[in-house]
Amino acid sequence: MNLSILFEDEYLICVSKPNNIVVHHAHHSRNVADENSLLQLLFDKFEHKFYPIHRLDRKTSGIILLAKETKYVSKFQELFTTNKIQKTYYGIVRGHAPEYKLIDSPVKGRDSDVYKNAETTLKTVSTVVVNIPVKPYDTSRYSLVEMKPTTGRLHQLRIHMNKISHPLIGDPKYGDKNHNLMFINNFSCDNLFLHAYSLKFIHPFSKKQQIIKASLPDDWNTVFQRFNWSV
């Protein structure tokens with residue numbers, strides 16, 4: 001697999017993660033022998049061990065930062081914990097989403113039943129009406145949305161979009177199966193349409209501002225051509 005390296009210096013490497021690749025396997029994972037993680041792919045390519053600074057779901061594509069040494073991890077993680085990094089995601093959702101909305105709704109933690117505060121700013125970039133029926137309607141509607149989370153809860157964006165009745169296309173857990181099937185049957189697209197597009201931050205070591213962007217995957221281009229969309 002050809003991994004796209006977006007940025008690299010002596011402290012950090014920034015990679016565009018493809019859909020359906022785990023960053024690293026949990027110790028109890030049953031599929032360790034069946035697939036390579038992002039960390040394994042990077043080790044095979046560079047013969048060097050890297051250390052993830054933040055999380056990205058298996059089904060989410062886009063930017064992920066990895067430190068080159070464990071001693072650098074905490075400085076970069078501080079950017080996330082102190083909200084000094086601007087994260088921008090793109091998503092394709094069911095329906096015509098609000099032009100602008102602040103979603104402030106708690107999300108349950110990774111390993112507990114405790115809900116934690118979670119906040120996402122949503123902006124709709126484009127909308128479309130498609131002359132393809134999806135039950136119970138004769139047509140189907142979709143929106144291209146820009147999302148900027150100020151917290152980093154597990155599945156936050158997927159949960160928040162479902163919460164406002166505009167689930168992400170291709171989401172097997174929180175999505176709409178009828179619309180997911182529409183994309184599979186008509187566009188041959190079965191991936192989750194959630195992409196970590198850009199990160200903006202002050203590098204904690206060089207003190208320079210970094211703006212890193214990851215191009216959209218190929219299946220997005222297929223849909224954009226059909227919907228006459230662009231970013």
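# A walk through a predicted model

Visitor: By about how much are Trp220 and Phe224 separated in helix H5 (residues 218–227)?
Guide: The two residues are 4 positions apart in H5. The model that shows them is a predicted one. In the helix, that spacing separates Trp220 from Phe224 by about one helical turn.

Visitor: Is Trp220 buried or exposed?
Guide: Buried means under 20% relative accessible area. Trp220 has a relative accessibility of 0%. Therefore Trp220 counts as buried.

Visitor: What is the relative accessibility of Phe224, which counts as buried?
Guide: The cut-off for buried is under 20%. Phe224 meets it, with a relative accessibility of 7%.

Visitor: How many aromatic pairs are there, and of what kind is the pair Trp220 and Phe224?
Guide: The count comes to 16 aromatic pairs. In the pair of Trp220 and Phe224, the ring centres lie 6.2 Å apart and the planes meet at 70 degrees. Planes over 60 degrees apart count as edge-to-face. So this pair is edge-to-face.

Visitor: Is Trp229 buried or exposed?
Guide: The limit for buried is under 20%. Trp229 has a relative accessible area of 8%. Trp229 is therefore buried.

Visitor: Which residues form one aromatic cluster with Trp220, Phe224, Phe227 and Trp229?
Guide: Trp220, Phe224, Phe227 and Trp229 belong to one aromatic cluster. The other members are Tyr142, Phe183, Phe187 and Phe193.

Visitor: Where do the buried residues of helix H1 (residues 38–46) sit around its axis?
Guide: These buried residues are Leu38, Leu41 and Leu42. They cover an arc of only 95 degrees around the axis. That puts them on the same side of H1.

Visitor: Which strands do the buried residues of H1 pack against?
Guide: Leu38, Leu41 and Leu42 are the residues in question. They pack against strand S1 (4–8), strand S2 (12–17) and strand S4 (61–67).

Visitor: Which residue follows H1?
Guide: The residue has a positive phi, near 55 degrees. It is Glu47.

Visitor: At what distance from the ring centre of Phe46 does Lys45 lie?
Guide: Lys45 lies over the face of the Phe46 ring. Its distance from the ring centre is 5.7 Å.

Visitor: How many bridges join strand S9 (residues 119–130) to strand S10 (residues 140–149)?
Guide: S9 also has strand S6 (residues 100–104) as an antiparallel partner, over 5 bridges. There, Leu102 stands opposite Thr121 in S9. With S10, Leu122 stands opposite Met147. S9 and S10 also run antiparallel, and their bridges number 10.

Visitor: Which residues does Ser105 contact, leaving aside its neighbours within four places in sequence?
Guide: Ser105 lies in the loop between S6 and strand S7 (107–108). At 10% relative accessibility, Ser105 counts as buried. Its contacts are Ala118, His160 and Lys163.

Visitor: How compact is the protein chain for its length?
Guide: The chain has 5 helices and 12 strands. Its radius of gyration is 18 Å, close to the 17 Å that the globule rule gives for 231 residues. So the chain is as compact as a globular protein of that length.

Visitor: What share of the 231 residues counts as buried?
Guide: The C-alpha trace spans about 55 × 35 × 35 Å along its principal axes. Of the contacts with a separation of 6 or more, 62% come from residues 24 or more positions apart. The buried share of the residues is 49%.

Methods
Residues are numbered from 1 along each chain as its sequence is written. This is a predicted model: local features need pLDDT of at least 70, side-chain atom pairs count only at pLDDT 80 or more; totals for chains, interfaces and linings use all residues. Side-chain values use heavy atoms; hydrogens and water are left out. Buried means under 20% relative accessible area, exposed over 50%, partly exposed in between (1.4 Å probe, protein chains only). The arc is that of the directions from the helix axis to the C-beta atoms. Contact means heavy atoms within 4.5 Å. Rings of Phe, Tyr and Trp (its six-membered ring) pair if their centres lie within 6.5 Å; planes under 30 degrees apart count as stacked, over 60 as edge-to-face and the rest as tilted. A charge sits over a ring if NZ of Lys or CZ of Arg is within 6 Å of the ring centre and within 35 degrees of the ring normal. Two strands pair if DSSP finds at least two bridges between them. The radius of gyration is taken over C-alpha atoms; the globule rule is 2.2 Å times the number of residues to the power 0.38.
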